[in-house]
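Work through the exercises below with the sequence and the model open side by side. Try each task before reading its solution.

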Amino acid sequence: MKFAGSLPLTDSEKAIYEIIGVPFDDNATIRGASKAPEMIRRASQRLETFLWHNKLELSDLLYYDRGDLHDITDPDLDLDFDAGKRKIFIGGDHSISYPLFRYYFERLGLTKVVVIDAHADFRDVYVGNRFSNACVMRRIAELAGFENVIEIGVRSASWEEYEFMKKRVRILDVDDMPEEQELEGRLYLSIDIDVLDPGIAPGVEYPEPCGISLEALIRLVRTIIKRGDVVACDIVEVNPELDIKNGITCLNAARLVFEVLASYWLKDHKSS
Ligand SMILES: [Mn+2]
């Protein structure tokens, strides 16, 4: 099944944006996020592809769902894609951001990362695993340089994580929209769904109380894409096995994919 509104294979050359699933959860302590790409695609079928508030029909935006990527931990990962087409990767646990960012960093010269997450993910090692989803931003910062990381929406970290990161990386509240000069250059945007309040996104490995609304997250994502040049974005940590029966976490993630597509399109097509 393709994501709702995707071009069919026969028209895939026309796509200006691409969606890629990454069904990987080996670095999570509670498995299940590997089911997210399929379940978010299914949830997308339950939403109208007409975005009412933007008056945009998504199927007019020309995007193609390329299916799933299975060799994410391969050190010689070759994504074999047109880097000029903005991407949305659907995880997977948060650890997928590291090999994806590394690919963009090493092959395409991308240096800056913006992460929206309830957690700092700045541990050096977690349960004996340096590539755990709880260490992902630390690994990315070590690669890209700490000054190239902006963390937004964090509300949970250990004291040690906070002490380590507070003078090294830029930490913003969800209400502090990053300015254009902070977003200079091409960006990788990583969105951990657990930044949302667990009341509206219960299907996550580490739910954290006092989260934000989907509307606030959409506003933030829209602003970042408008002010910066986001060439790739991931949406991670949806765990369908921990979701409630009506699949609200998957549904909200599908809606977020719609909003990223719409934001890409408005950025590329609206005269400023
Ligand atoms: Mn998180």
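**Exercise 1: two helix pairs**

Helix α5 (residues 214-227) and helix α6 (residues 248-269) have axes that come within 9 Å and cross at roughly 30°. The model is a predicted one, in which local features need pLDDT of at least 70 and side-chain atom pairs count only at pLDDT 80 or more, while totals for chains, interfaces and linings use all residues. Residues are numbered from 1 along each chain as its sequence is written.

Task: Describe how α5 and α6 pack, then how α1 and α6 pack.

Solution.

Step 1. Fix the terms. Helices (H or I, at least four residues) and strands (E, at least two) are DSSP runs, numbered from the N terminus. Axes are lines fitted to C-alpha atoms, for helices over the stretch in contact, and angles run from 0 to 180 degrees between N-to-C directions.

Step 2. Classify the first angle. Angles under 35 degrees count as roughly parallel, over 145 as roughly antiparallel, 65 to 115 as roughly perpendicular and the rest as oblique. The helices α5 and α6 are therefore roughly parallel to each other.

Step 3. Give the hand. The crossing of α5 and α6 is right-handed, a term used if the near helix is turned clockwise from the far one by less than a right angle, with anticlockwise giving left-handed.

Step 4. List the contact (C-beta atoms, placed from the backbone, within 7 Å). From α5 it takes L214, L217, I218, V221, R222, I225 and K226, and from α6 it takes N252, R255, L256, E259, V260, S263, Y264 and K267. These residues divide into eight nonpolar, two polar and five charged. Here Ala, Val, Leu, Ile, Met, Phe, Trp, Tyr, Cys and Pro count as nonpolar, Asp, Glu, Lys and Arg as charged, and the others, Gly among them, as polar.

Step 5. Repeat for the second pair. Helix α1 (residues 36-44) packs with α6 at an angle of about 75°, their axes 8 Å apart. The two are therefore roughly perpendicular to each other. M39, I40, A43 and S44 of α1 meet C250, L251, A253, A254 and V257 of α6. This contact divides into eight nonpolar, one polar and no charged residues.

**Exercise 2: the sheet**

Task: State the strand order, and find which strands stand at the edges.

Solution.

Step 1. Two strands pair if DSSP finds at least two bridges between them. Eight strands form an open sheet in the order β4-β1-β5-β10-β9-β6-β7-β8, with parallel pairing.

Step 2. β4 (63-68) and β8 (170-172) stand at the edges; each has a single partner strand, so one side of each is left without a neighbour in the sheet. From one strand to the next the twist averages 15°.

Step 3. Check one pair. Strand β5 (residues 86-91) runs parallel to strand β10 (residues 229-236), joined to it by four bridges. I88 stands opposite C233 in β10.

Step 4. Add the helices. Helix α2 (residues 97-108) lies across β5, β6 (112-116), β9 (186-192) and β10, at about 165° to β10. Helix α3 (residues 136-144) packs on the sheet as well, touching β6 and β7 (149-152), and its direction makes about 155° with that of β7.

**Exercise 3: strand β6**

Task: Decide whether β6 is enclosed or open, and name its partners.

Solution.

Step 1. A residue is buried if 20 or more other C-beta atoms lie within 10 Å of its own, exposed if 12 or fewer, and partly exposed in between, the C-beta atoms being placed from the backbone. Five of the five residues of β6 are buried, so the strand is largely enclosed by the rest of the structure.

Step 2. Separate the faces. K112, V114 and I116 are buried on one side, and V113 and V115 on the other.

Step 3. Name the partners. β6 pairs with β9 in the parallel sense over five bridges, and V114 stands opposite L189 in β9. β6 also pairs with β7, again parallel, over four bridges; V113 has V149 as its bridge partner there.

**Exercise 4: unusual backbone**

Task: Where does D80 lie, where does E237 lie, and is each buried or exposed?

Solution.

Step 1. D80 is in the loop between β4 and β5. Its phi is near 45°, a positive value in a residue other than glycine. With 5 other C-beta atoms within 10 Å, D80 is exposed.

Step 2. E237 lies in the loop between β10 and α6. E237 has a positive phi of about 75° although it is not a glycine. With 32 other C-beta atoms within 10 Å, E237 is buried.

How values were computed:
Contact = placed C-beta atoms within 7 Å.
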